[in-house]
Amino acid sequence: MAFSNGTLVHPAYFLLVGIPGVGPDVHFWLAFPLCFMYALATLGNLTIILIIRMERRLHQPMYLFLAMLSTIDLVLSSVTMPKMTILFLMGIQEIEFSVCLAQMFLIHALSAMESAVLLAMAFDRFVAICHPLQHASVLTGPTVAKIGLAALTRGFVFFFPLPFILKRLSYCRTHTVTHSFCLHQDIMKLSCTDTTVNVIYGLFIILSVMGVDSLFIGFSYILILRAVLELSSQGAALKAFNTCISHLCAVLVFYVPLIGLSVVHRLGGPTTLLHVVMANIYLLLPPVVNPIVYGAKTKEIRSRVIHMFSQGGR
């Protein structure tokens, strides 16, 4: 079931695994909450995108970055959840070699773009709270567009080499990918040739992209917290910090599973249930949780959603 490309051996397809130790019957029933999560992620993120697009008063940096985040989450959930649903519902494990590499690239590139947008949102909150008078002049419409383009370009450039450095490997061991989707570190483990380049480059991009972003986000919040504590009024301090709650939730939902997943993979050894659960949380939770958190905590979006449903009920 493999073909040779010169001296390299590539499988015609990989086999995806759902949740280790769980039988087909349990996988079948898990497909229904997965479908619900996909529908919720799609509806929630589309609603946020459409509301921000239609409401001109929401064409501000915070909401434009939120629209970018929702777009990334919408694409990311569409890259992973439908295939997972087919795997759980129908038991179809096969995924073509090239399709697997494409899915892997999109997952990692979109995750990098999401990380960059979260950093941009942290910068927006920093300027709004620490330098409010300069906010409008610093984060103009063209600047926000350039930041979005930079996030897109960086995600593409850093992760574009991944499929090619995986193609230079031979795969003569098992062809079973131990997740419900394709990840670089998971595919790399299936190779029977030297993976030093993959290990070094994978570590380099995770540190230089997500690692650097998380450090700058943390530094931004240290400065924000210091500025908030210096406010004379407790009410003003709470009001200022309350504007950061939704973003903090999005950061925690994204980075905590990512750090956990990176740690358990760097420890080595066979893929366990913990690896799979952490990977599923990392990819499936943000697209579902982010629109709920922002919809509940952001007054302008919440009121617009309530208005839409009240009109629809008439």
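Let me start with residues 144-166, whose end C-alpha atoms lie 35 Å apart in this predicted model, and where the span is 96% helix and 0% strand. That stretch is one of those covered by the "transmembrane region" annotation in the unreviewed UniProt entry, which also lists, among others, residues 63-81, 101-123 and 273-294. For residues 63-81, the end C-alpha atoms lie 26 Å apart, and the span is 100% helix with 0% strand.

Now to the packing of two helices. Helix α3, residues 97-130, and helix α11, residues 273-297, have axes that come within 12 Å and cross at roughly 35 degrees, and the crossing is left-handed. On the α3 side the contact is made by Ile-107, Ser-111, Glu-114 and Met-121, while α11 contributes Tyr-282, Leu-283, Pro-286, Asn-290 and Tyr-294. Taken by class, this contact has six nonpolar residues, two polar ones and one that is charged.

Both of these helices come up again at the largest pocket, since each of α3 and α11 gives two or more residues to its lining, as do α2 (61-90), α9 (234-242), α10 (245-266) and α12 (299-312). The space in this pocket is about 480 Å³, and 21 residues line the pocket, with Met-62, Tyr-63, Arg-125, Asn-242 and Thr-243 lying nearest its centre.

What is the make-up of that lining by class? The residues of the lining divide into eight nonpolar, seven polar and six charged.

Terms used:
Residues are numbered from 1 along each chain as its sequence is written. This is a predicted model: local features need pLDDT of at least 70, side-chain atom pairs count only at pLDDT 80 or more; totals for chains, interfaces and linings use all residues. Side-chain values use heavy atoms; hydrogens and water are left out. Axes are lines fitted to C-alpha atoms, for helices over the stretch in contact, and angles run from 0 to 180 degrees between N-to-C directions. Helices (H or I, at least four residues) and strands (E, at least two) are DSSP runs, numbered from the N terminus. A crossing is left-handed if the near helix is turned anticlockwise from the far one by less than a right angle, and right-handed if clockwise. Contact means heavy atoms within 4.5 Å. Ala, Val, Leu, Ile, Met, Phe, Trp, Tyr, Cys and Pro count as nonpolar, Asp, Glu, Lys and Arg as charged, and the others, Gly among them, as polar. On a 1 Å grid over the protein atoms alone, a cavity is a set of points where a 1.4 Å probe fits but cannot get out, and a pocket is an open set with protein on both sides within 12 Å along at least five of seven lines; lining residues have an atom within 4 Å of a point. Grid points are joined across faces, edges and corners, and a volume is the space filled by probe spheres set on the points. UniProt positions are given in the numbering used here, feature names are shortened, and annotations may be inferred rather than shown by experiment.
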